[in-house]
Amino acid sequence: MNIICKTTLTALLAAALAACRPGVPSDAVASDEPPVISPDYTGIDIPCNIAPMTFAIEAEGTDYLTHFHTAADPAGFVATGRVPGIDAGDWHSLVGGAAGDTLLIDIYVRPADGKPYTRYATVRNAICDSIDRYISYRLIEPSYISFETMAICQRDLTGFDEREIYNSMSMSEEDQGQCINCHSYQDYNRGGNMQLHVRVGHGGTVVACDGALKKVNLKTPGTISSGVYPCWHPTLPLIAYSVNTTTQSFHSRDTAKVEVQDSRSDLILYDALTDVVTPVAMERDRLETFPYWHPDGRSLWYVSAEVPPMDDEAMSEYQNEHYRDFRYDLYRRSFDPETRRFGEPDTIFLASEYERSVTLPRPSPDGRYVVFTMGGFGTFHIWHHDSDLYMLDTADGTIRPLDEINSGDTESYHSWSSDGRWMIFSSRRDDGSYTRLYLTNFGPDGRFSKPFRLPQKDPGHDGRRLKSYNIPEFMACPVQLTRRELLRVIGSDATTATFRP
């Protein structure tokens, strides 16, 4: 009897709550005009497990109602407010099991003159298969002098929870700050193997591998620097790095603001179990950088530029005068996992012949496609406003600009989801200064859907945050390392790697 009473009470409460929810206005005047909402979540593909996609309605009015529904669930739910207050439970109940359906959004606005609501044209967003649950990124101020105030964070895409993996202020001191960068994971962090760099104070590379956590000094007598740009081998305890001698130039009148360039750069291979470093490519007349493994682990992709052979001092002077002439091409080297030997470089795309320069090659998980950025010169395109995303189809060798997702401003760092169905990338399209994160669906036709900005609980959050999102990476599993564990290892002495030619 007690159980029956509880069940009845629960049903009555649910009915009462439903009765209190706002309904759809029956006398609304239909309009053919599409609604203007910010961010622009119209005509897009969305993952069925994505967080509630909160937006602001730009039309002026006194009252706002938004009806979210699908063909399978025409009742859906209604949210009120210029920024619709979307209940997370309602959202996931509607969208979570609706892959293959369409999310229909009807927006009603009552004008200030008291006339009936206007119902704008229905927004139609395709509901697709799920996306990797987690991403990570670095939050950084584009100020060049405040490197101590940056953090590597991870975000649960099913909601709005953001957690700091590490904040550079944790161990910064008045005369010894910290820079943290280049977080990288093996196999989308499924096994917990990851690395990140700590520069300046307590410097070293933090490596988590096979349950062990350590700090390593990758600068050896045989390398020009410690490891810089990393990529984990898909299955082996190996990390490919570029080692770089990097300089920065600042523009006083150029919208690019800063130029980051290499006077020397090579490729190395680091064994995370033995702390042994071996050379991959160390040619004096070439700059090799941004390595990335093919998903089968049998080739390494990277970019390289030909340079005049000269000593470091002469190269630095030459580069300052001719930095616009440095153009990088796309290469790969075969790799034998048994012997751990690399083959000779295989030329994939000579962008320099078109007076263009490529960087950040990222093969898709099935290995068929390679997405990279291309700009007029150099390899650090994050401040190059002509930087766009391009894609190579390895099946037929064709290369095309990704016009369906590029904008009139900088597109830069990008990464594929673990199933190859989604891509995340950073873009300055919103204001030209801050990079923000965009998601897009990759279809079986080899084309991407209209990109949409990473949802936030408050649609104005990113505009007030005044931070750039840098190096977005998908993760199948979250980072489990605690702040205490990271503080301990960062504060410890580094193990020095051994170089073996």
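**Entry 1: the second largest pocket**

I began with the lining of the second largest pocket, which comprises 14 residues; L269, T278, P279, R340 and R500 lie nearest its centre. I note that the model is a predicted one. For the elements involved, I found that β19 (258-271), β20 (276-281) and β24 (341-342) are those that give two or more residues to this lining. I then asked which of the elements gives the most to the lining. I recorded β20, with 4 residues.

I looked up the volume next: the second largest pocket holds about 270 Å³ of space. By residue class, I entered 8 nonpolar, 2 polar and 4 charged residues for its lining.

**Entry 2: R340**

I returned to R340, one of the residues nearest the centre of the second largest pocket. I located R340 in the loop between β23 (329-336) and β24. I read its phi as near 60 degrees, which is a positive value in a residue other than glycine. Is R340 buried, partly exposed or exposed? I found a relative accessible area of 34% for R340, and because buried means under 20% and exposed over 50%, R340 counts as partly exposed.

**Entry 3: L360**

I also looked up the backbone of L360, a residue that is not a glycine but has a positive phi of about 55 degrees. I placed L360 in strand β26. I noted its relative accessibility as 8%; L360 is therefore classed as buried, the cut-off being under 20%.

**Entry 4: the sheet that contains β26**

I followed β26 into its sheet. I found an open sheet of 4 strands, paired antiparallel, in the order β26-β27-β28-β29. Which strands form the edges? I identified β26 (357-363) and β29 (398-401), each of which pairs on one side only. I entered an average twist of 25 degrees from one strand to the next.

I reminded myself that strands of a sheet pair through backbone hydrogen bonds, either parallel or antiparallel.

I then examined the pairing of β28 with β29. How many bridges join these strands? I recorded 4 bridges between β28 (residues 388-393) and β29, and the two run antiparallel. Within this pairing I found L392 opposite I399 of β29.

**Entry 5: a cis peptide bond**

I last looked up the peptide bond from S38 to P39. I found that this bond is cis, with omega near -5 degrees. I located P39 in the loop between β2 (37-38) and β3 (45-47).

Key: Residues numbered from 1 in each chain as written. Predicted model: local features only at pLDDT ≥ 70, side-chain atom pairs only at ≥ 80, totals over all residues. Heavy atoms only, no water. Pairing = 2+ DSSP bridges. Axes fitted to C-alpha atoms, helices over the stretch in contact; angles between N-to-C directions. 1 Å grid on protein atoms, 1.4 Å probe; cavity = no way out; pocket = protein on both sides within 12 Å on 5 of 7 lines; lining within 4 Å. Points joined across faces, edges and corners; volume = space filled by probe spheres on them. Nonpolar A, V, L, I, M, F, W, Y, C, P; charged D, E, K, R; others polar. Buried < 20%, exposed > 50% of the residue type's maximum accessible area, 1.4 Å probe, protein only.
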